[in-house]
Structures are given as C-alpha cells and as structure tokens.
Amino acid sequence: MTGAQFSCPMHPEVMQAGRGACPKCGMALESTKTSVSETPEKNSELVSMKRRFVVCAFFSLPLMILAMLNLAPPSTQIALEFILALPVVTWGAWPIWQRAASSITHRSPNMFTLIGLGTGAALVFSLPNAIHPDATSESYFEASAVIITLVLLGQVLELAAREKTRDALRALLSLTPKTVRTLTSCGHERDIAIDALKSGDQFRVRPGEHVATDGMVVDGSSNVDESMLTGEAMPIEKKVGDKVSGGTMNGNGSLVVRAINVGTETRLAQIVALVEAAQRTRAPAQKLADLVSKFFVYLVIAIAIAAFFCWFLLGPEPRLHHAITSAVSVLIIACPCALGLATPMAIAVGMGRGAKSGVLVRDAVALEAFARATVLAIDKTGTLTEGKPRVVAIEVSEGSSRETLLRVAASVEAASEHPLASSILAAATSEAIAPADITNFEARRGLGAVAMLDGKRVAVGSAKFFAELGIETSSSNSQAQTHREAGRTLVFVARDAALLGLFAIEDPLRVGAKQAVSSLQQNGIRVVLVSGDTLITAKKVGDEIGITEVFADCSPEDKAGLIEKFRKGGAVVAMAGDGINDAIALAKADVGIAIGGGTDVAMESAGITLAGGDIRRLVSARTLSQATLANVKQNLFFAFAYNAIGIPIAAGALQPFFGIEMSPMIAAGAMCLSSVSVIANALRLRSIKM
C-alpha cells in the first residue's frame with residue numbers, strides 16, 4: 001500500500017503517508033483505503049507487534065517463574081532477573097517508549113504515557129538493587145517485563161480486531177475480478193490485470209463471472225445479478241445499450257462490455273470510499289468521552305501520586321513496596337483508549353455492515369440522528385411508489401387534438417428530470433410523436449415547467465401550478481375528479497393559457513412499502529406523508545399504506561417548512577425522498593434519507609442513501625442505527641465502569657478491608673482486555689439482522 005494515507009481511528013484529523021503511531025493517542029494508524037490484499041499478515045505494524053510479543057513472552061515466562069519460586073541466592077536471583085528482563089524492557093518495549101516520549105513531546109498524554117511512567121518507575125526502583133544487591137530490597141524486573149509483554153499482547157489483539165472492522169468493505173471489493181478478458185481491435189481476446197484496463201476498452205464477461213468494471217453492453221444479452229448494489233433479488237436482463245456495474249454477477253449469457261468507469265471511478269469503489277470517509281467521522285455520543293479523555297491522564301497521574309504517598313506515609317510495612325505497587329498499578333490499569341475507541345469502532349463496524357446490506361451512511365451524525373428520530377416525513381412519488389409511473393388515461397380538451405397534446409407535453413418534459421416526465425415521453429413515443437425543440441425552458445420544482453414552442457408559451461404541470469399561472473382548468477373538472485378518486489396523479493397541459501388536456505398517471509406502490517411503514521410505526525416513529533400531489537391522490541396512497549397524517553399540495557419550500565415545524569416542536573425529524581423537489585427538505589431534516597435510483601441532488605443532500613430504492617431498507621437503516629447507537633452506549637458504559645472500578649482497586653481501596661492488593665501484572669492484563677473488549681463488542685454489529 002505504498003503512498004497510501006494513514007489515519008487514527010480515535011483522531012481522524014491525524015493523517016500521514018505511511019504507517020506509524022498517532023502523536024495524540026499513540027495508537028497505530030490505519031489505512032484510509034481498504035484493499036482486498038490488506039490482511040492482518042500484510043499489516044507491518046501487526047507483524048512487528050507479534051514478533052516482539054513472542055520474543056518478550058519467551059523471556060518473561062522464565063523470569064516470572066524465577067521470581068515466584070526464588071530458585072537462586074538473592075544476588076544471583078536479581079542478576080538473572082535483570083538479564084532476562086533486559087531484552088524485554090529495551091528492544092521489546094521500544095515502540096512503547098517511543099510513543100510515551102512522543103506523547104510528552106506533543107503535550108498529548110495518553111495510555112502510553114501512563115504505561116511508560118508505570119514501568120519506568122518500577123525499573124528505576126529496581127536498578128539500584130541490580131547494581132548493589134540487597135536481600136531486603138524489592139525488585140520489580142519481573143513486573144516490568146510481564147507488563148510490557150501483556151501490553152504487546154493487547155496491541156496484537158487490538159490490531160487484529162481492528163482489521164476485522166474492514167471485513168464488510170473487503171467483501172465488497174473482492175467482488176471485482178483481478179483479471180479481465182479484453183478484446184483487441186483485431187478481434188483477439190487476452191487476459192490482463194484489472195489495473196491495466198482503461199476507459200473505452202472492450203472486455204468479455206463470461207457466464208458466471210463478475211463484471212470487471214462499470215460499462216455499457218455492446219454485444220450479447222444476459223441476466224445480471226445486481227443484488228450487491230441494489231438489493232434486488234431477481235437478476236435484471238441486460239442487452240445492447242444497457243449499463244452494467246463492476247462487481248455484479250453475470251448469469252448464463254455472454255456479454256461484451258465497453259468500459260466507462262475504471263479504478264476509483266466505479267460505482268462500487270465510490271460506495272466503499274463513501275463508507276470509509278463516514279467511518280472516520282465522530283458521533284455526537286462521543287463528546288462526553290472526548291471531554292473526559294482530555295483530562296483523564298492528568299487525573300490518573302494525580303491519583304497514582306496520591307496513592308503512593310498514602311501508602312508510603314500511612315500504610316503497613318513494607319511501606320515502600322506497597323506504595324510502588326499501588327502507584328504503578330494505577331498508572332498501568334487506566335485505559336483512556338477504551339474511552340476513545342468506544343464510538344469509532346462501533347461506527348466503523350456498523351457502517352461496514354450497512355454497506356453490505358445497501359444502507360450507505362454519509363457520516364456518524366446521520367446514523368445517530370436516525371436512531372433518535374421520532375418523526376419520519378416521507379415523500380410519495382418515487383419513494384413510497386416505484387418512481388416508474390405510466391400514463392393510464394389521456395383526456396383531450398375541446399378544440400385540441402391528441403397529437404397536439406402529446407407533442408406539447410413531450411417537448412417540455414424532455415427537458416425535465418421529474419419522474420412523471422418519463423411516463424409522458426413514453427406515451428408520446430408509443431404513438432410515434434417526437435418532442436420538438438423548445439426555448440426559454442423554466443422549471444418550478446415540484447410544480448411544473450413552462451417554455452416557448454413554435455413562438456407560443458406552453459405549460460405542463462399540476463393544477464396548483466396552473467392556478468399560479470392563471471390558467472383555467474375547470475373545463476376538465478369532471479374527468480379530473482374521477483381520476484383523483486382513483487388515486488391517480490394529474491398533469492395538465494396548456495398553450496397560450498388555453499387548456500389542451502391532461503394526463504392521468506399511476507405509479508404503483510413499491511414492494512414492501514406497507515410492511516416497511518408498519519414496522520417503523522411499531523418501532524415508535526410517527527410516519528407522515530408529504531407530497532406535491534393533490535390531497536385526494538396523496539390520501540388514497542396513505543390509506544393503502546397505513547399513514548393517517550397526509551400533507552398534500554406541498555411545494556419544495558412547503559416540505560422544508562413542515563420539517564422545520566416538526567423540529568421546533570421538539571421532534572427529531574428524518575426525511576425520506578428521491579427527487580429534486582425533496583432536496584431542500586432532506587437538507588433541513590436532522591437526517592435526510594435518499595432512495596437510491598433517485599436524482600443525484602437528492603442523494604447529495606441526504607445523510608443516508610438506500611441503494612436500489614428498496615423502501616424496506618428504511619427498516620434496515622433504523623435497525624442499524626439503533627443497534628450501532630446502543631453498541632456505542634455499551635462501549636462507553638464499559639469503558640467508564642472499567643476505569644471507575646479498576647483505578648480505586650489498583651490504588652489499594654480494598655486492601656484495608658479485604659487484604660486484596662492488585663499487582664501491576666494483573667493491572668496490565670486488565671488494561672489490555674479493556675480495549676480489546678470494546679472492539680470485540682463493536683464487532684458484534686457484523687452479525688445483526690437487517
């Protein structure tokens with residue numbers, strides 16, 4: 001991973017080229033880019049820590065046995081302990097000393113500051129005895145060596161566990177084949193590395209293979225499984241002219257594809273990049289831990305000093321031994337890393353799990369906001385409905401013609417991105433009517449559009465839009481009412497303020513929409529429907545799905561105003577939508593949720609994107625966000641509780657009552673387990689059902 005950028009999971013603002021340790025907390029930096037080949041064996045930091053741990057364990061084990069059994073005379077015993085401890089406290093502990101020194105240099109005390117002070121103090125009190133052996137003096141060589149060995153073990157376990165947080169992203173990246181069969185201009189086929197593929201190259205996708213990169217089919221047909229990107233279980237038929245995405249699985253047919261996006265430009269790579277960036281964000285729940293961590297080390301040092309003097313001045317004999325043991329144990333057992341890791345580890349695993357299931361989260365703030373959401377405002381067209389509307393009736397006004405109506409409407413809608421525009425264009429195409437050139441096109445989001453056609457002003461849009469333009473639609477009231485009662489959306493067409501007719505459009509409900517809304521309501525969310533459609537049409541959809549609160553005839557500004565109203569009332573508001581007319585509301589909400597397959601501007605405004613447009617993923621996103629937030633709280637509770645209980649015990653709080661004194665070696669083991677336990681708890685998110 002030469003040239004890769006590395007960042008700290010606890011301090012994402014720390015960034016450097018190449019591996020190393022964070023100057024703020026001392027943790028090993030990790031790559032900001034996930035690679036399929038980036039396994040624990042390839043992690044040089046992990047390899048180094050493993051090697052140091054094995055060597056240190058080799059020396060520490062006999063050292064511990066020697067110290068426990070006192071197998072030699074005092075002078076010989078101390079000399080042997082010193083010899084066995086020397087490689088551990090020098091070569092083995094070198095990364096620890098480096099990070100401790102760095103923390104002091106950067107004035108950013110951390111876990112390694114405490115470990116360095118603790119083991120350093122033990123060594124300082126032991127060295128005089130090694131030089132001039134005294135049977136009455138205490139030696140702490142075995143404690144220093146075992147502490148360092150346990151710290152190295154903790155680093156190995158932590159680094160290995162942190163590697164697992166990227167498993168979901170590696171699984172996505174592994175879908176891209178390593179080689180691709182390209183077609184030369186002479187018609188020959190040859191296999192090349194995927195990295196050598198360039199935009200414009202043609203390649204063959206054989207039956208059962210993964211598509212190498214994003215492209216367009218230029219020959220052949222087949223069914224392609226796109227579930228890894230869209231969640232759609234059924235394979236989708238692909239033929240000449242259709243686009244395919246890298247990583248998707250080809251069916252039984254053979255395809256020749258022209259590469260369009262390669263490398264980091266592919267849809268799959270961009271999804272992974274989005275998740276990687278999101279994993280480095282901080283959730284609001286981490287603020288308390290950040291505040292505590294800022295003063296934590298100073299507090300621990302103060303407690304260690306206080307424990308030393310209390311035992312030295314007031315404790316039983318041997319006072320110096322009790323004082324040193326307590327002070328060193330306090331310094332060693334304290335673990336600010338457990339506090340710092342509580343949120344980033346849960347966020348990293350949770351977002352990776354979401355990406356694997358088609359729930360793409362922009363940042364940790366969005367994830368936490370959706371977990372706390374009390375109101376979900378949801379758009380109708382393209383969100384609750386499929387977004388693939390079709391014209392079911394064309395009503396022509398008196399004095400107009402079907403051909404004129406279709407031509408005017410298609411000409412204006414050809415320039416529109418609204419989901420309803422495609423249905424009108426399809427209706428015109430089916431009757432062999434082509435759009436004409438227009439000028440002065442002007443769209444009103446969520447309402448309609450006007451333009452100039454053949455020197456005349458034409459308009460296409462809703463009844464509300466026409467009322468604003470002063471165009472009378474009463475001549476079509478009878479037909480319009482019939483279609484509205486059937487739950488259809490109406491699009492009116494006029495030329496020079498004269499009504500030409502209307503289109504009645506139906507948009508089928510998305511599969512699972514009713515079940516998704518019901519599940520969210522049972523989860524405690526108040527679901528409201530906001531739509532730019534008429535009240536009759538919107539209410540019919542609401543009745544079918546089970547939404548009683550319906551807000552209709554909403555402009556984009558109305559939707560945003562409604563979101564603001566809910567928020568002022570104390571609600572945490574989520575907004576789900578897919579169109580340009582939803583972008584303002586998505587941005588205004590505490591968390592915006594874009595339906596994949598919608599417009600780019602909607603997805604840019606959202607904190608969460610549901611790939612493939614499956615409305616049921618709203619439930620998955622809620623499950624993921626609540627599970628992740630709960631995991632963060634569990635981690636924070638564990639980290640606070642561990643330090644709140646462990647530090648007083650290490651200071652000797654139980655000794656006067658129960659005669660229990662914690663040795664520095666036990667403190668070291670507890671400290672190592674604290675960070676590993678937080679990471680292990682976060683890894684449970686990989687198995688949540690969504």
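Strands and helices here are DSSP runs, with at least two residues for a strand and at least four for a helix, numbered from the N terminus. Note to self: this is a predicted model.

**Entry 1, the second largest cavity**

I began with the holes and found five cavities of 30 Å³ or more in the structure. I picked the second largest cavity, which holds about 90 Å³ of space. Which residues sit closest to its centre? From a lining of twelve residues, I noted Glu30, Asn43, Leu159, Arg162 and Glu163 as the closest.

Next I checked which elements build that lining. Strand S3 (30–31) and helix H5 (141–164) each put in at least two residues. H5 gives the most to the lining, with three residues.

Then I sorted the lining of this second largest cavity by character. I got seven charged residues, three nonpolar and two polar.

**Entry 2, H1 against H3**

I moved on to a helix pair: H1 (residues 44–69) and H3 (residues 94–105). Their axes lie 10 Å apart, and the packing angle is about 120 degrees. Roughly perpendicular stops at 115 degrees and roughly antiparallel needs over 145, so I wrote the pair down as oblique.

Which residues make the contact? On the H1 side I listed Glu45, Met49 and Arg52, and on the H3 side Trp94, Pro95 and Arg99. How do the residues of this contact divide by character? I have three charged and three nonpolar, with no polar residue in the contact of H1 with H3.

Terms used
Residues are numbered from 1 along each chain as its sequence is written. This is a predicted model: local features need pLDDT of at least 70, side-chain atom pairs count only at pLDDT 80 or more; totals for chains, interfaces and linings use all residues. Side-chain values use heavy atoms; hydrogens and water are left out. Axes are lines fitted to C-alpha atoms, for helices over the stretch in contact, and angles run from 0 to 180 degrees between N-to-C directions. Angles under 35 degrees count as roughly parallel, over 145 as roughly antiparallel, 65 to 115 as roughly perpendicular and the rest as oblique. Contact means heavy atoms within 4.5 Å. Ala, Val, Leu, Ile, Met, Phe, Trp, Tyr, Cys and Pro count as nonpolar, Asp, Glu, Lys and Arg as charged, and the others, Gly among them, as polar. On a 1 Å grid over the protein atoms alone, a cavity is a set of points where a 1.4 Å probe fits but cannot get out, and a pocket is an open set with protein on both sides within 12 Å along at least five of seven lines; lining residues have an atom within 4 Å of a point. Grid points are joined across faces, edges and corners, and a volume is the space filled by probe spheres set on the points.
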